[in-house]
Amino acid sequence: MTTALDHQFMGRAIQLARSSIYSPHPNPRVGCVIVQQNEILAEGWHVYSGGPHAEVNALSAMSAQREGATVYVTLEPCSHQGRTPPCADALIKAGVARVVIAMKDPNPLVSGRGIQRLLDAGIEICVGVLQEEAEKLNVGFIQRMSTGRPFVRSKLAMSLDGRTAMSSGESQWITTPQSRRDVQLLRAGSAAVLTGIGTVLADDPSLTVRAKEHDLESPCYVEQASQPLRVILDSQLRIPLDAKLLQQPGETLIFSCCDDAEKISSLNDAGADVVVLAGDQPALEAVLAELALRQINEVLVEAGAILNGQLVQQGLIDELVIYMAPVLMGDSAKGLFHLPALQAMADKYAWDISDIRAVGKDWRITARPS
């Protein structure tokens, strides 16, 4: 049985989990609150991958070990030895009386085992408090664990008439500085940024999080957080060795169908990792499967109409984030998606808008497939 206080303290734990939204890849974002007699004794969250988990950070923050406390944690405590010891064991050792869990861990190494270990130790368990809110924090982790595919989010910018670039290819800048700053936060929260060779050749992007340039002072962004993995789809290895993204900190992964040893060697020397796939162009399903194997939870697509169109047609985009600027670009400007001509309304691609809000003078629209 849960109470209003259970929801209140779990709400605080979820708030703490948001503090780690930019740092613990590939681990989930987790917050923890320890309470006794309706008073918060300590708090913690998972700060970085390989570091102490939220429960251990909270226990360490306690001035003294007090038995009989209630622990609120947004994800089931782990029961296996990874880079850190099992959190379930730490809670048992601390002598807590009750553990309230927002959601079970989708990781098959953990799912249900942490709960059972706590139950076996005589600890009262409650599962499912603010579960939906907890799941939203870890959509990528949940999807990777349950389907073997990362969560794919595509970021797009468009005019009021649905155009994303002039017929010449010119696209900077449709949106305002406030929207561009918001995109930096999207990148910072993503484990990988994916684009196609067409975008690389046309725009020569860096695909990095530029915190200082955009004055990212959000308390949930940590400067030392690693740069997202840059993922390029380049079927014939046309990427120039002086491309900006090859000069940036962090890692670059190139998917290609070209097995030219000399080109691959040159790109390896430039710091890129090249994965050669069969076929004429990298199969998108195979690309996402490989990213999941590399423990990538969330992928941000920053690409043109062709790649976005392919992803939509294959049902591989889980969320669209569209920044709409109050401008008109005309009939000859380029659209968001390259899609086959649809003959009937029944053939249209339907999406549900989950959020819409102002960002500066622009509107940010978030949508998911119906």
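Is K155 buried or exposed? K155 counts as buried, at 18% relative accessibility. Buried here means under 20% relative accessible area, exposed means over 50%, and partly exposed is in between, with a 1.4 Å probe and protein chains only.

Before going on, the ground rules. This is a predicted model, where local features need pLDDT of at least 70, side-chain atom pairs count only at pLDDT 80 or more, and totals for chains, interfaces and linings use all residues. Residues are numbered from 1 along each chain as its sequence is written, and side-chain values use heavy atoms, with hydrogens and water left out.

Back to K155. Its salt-bridge partner is E302, with the closest N and O atoms 3.5 Å apart. A salt bridge is a side-chain nitrogen of Lys or Arg within 4 Å of a carboxyl oxygen of Asp or Glu. K155 sits in strand 6 (residues 151-158) and E302 in the loop between strand 12 (298-301) and helix 11 (305-313), so the pair ties together parts that are 147 residues apart in sequence. Helices (H or I, at least four residues) and strands (E, at least two) are DSSP runs, numbered from the N terminus. E302 is buried as well, at a relative accessible area of 8%.

The structure holds 16 salt bridges. Another of them joins R98 to E124, with 3.4 Å between the closest N and O atoms. R98 is in strand 4 (residues 98-101) and E124 in strand 5 (residues 124-127), 26 residues apart. R98 counts as buried at 12%, while E124 is partly exposed at 45%.

D273 and R294 also form a salt bridge, at 3.1 Å between the closest N and O atoms. D273 counts as partly exposed at 31% relative accessibility, and R294 is partly exposed at 34%. There is also a network of salt bridges linking R29, R153, E298, E319 and R368.

Two members of that network, R153 and E319, turn up again in the second largest pocket, among the residues nearest its centre, along with I21, L186 and R364. That pocket has 25 lining residues and about 930 Å³ of space. On a 1 Å grid over the protein atoms alone, a pocket is an open set of points with protein on both sides within 12 Å along at least five of seven lines; a cavity is a set where a 1.4 Å probe fits but cannot get out; lining residues have an atom within 4 Å of a point. Grid points are joined across faces, edges and corners, and a volume is the space filled by probe spheres set on the points. The pocket lining divides into nine nonpolar, four polar and 12 charged residues. Ala, Val, Leu, Ile, Met, Phe, Trp, Tyr, Cys and Pro count as nonpolar, Asp, Glu, Lys and Arg as charged, and the others, Gly among them, as polar.

How many cavities of 30 Å³ or more are there? The search of the whole structure finds one. The largest cavity has a volume of about 60 Å³, and its lining includes R29 and E298, both also in the salt-bridge network. Helix 6 (residues 139-147) gives the most to that lining, with three residues.

Last, the nonpolar interior. The largest nonpolar core has 40 residues, and M10, I34 and V99 have the most contacts inside it. Such a core is a set of buried Ala, Val, Leu, Ile, Met, Phe, Trp, Tyr and Cys residues joined through side-chain atoms within 4.5 Å. Helix 1 (residues 4-18) gives the most to this core, with six residues.
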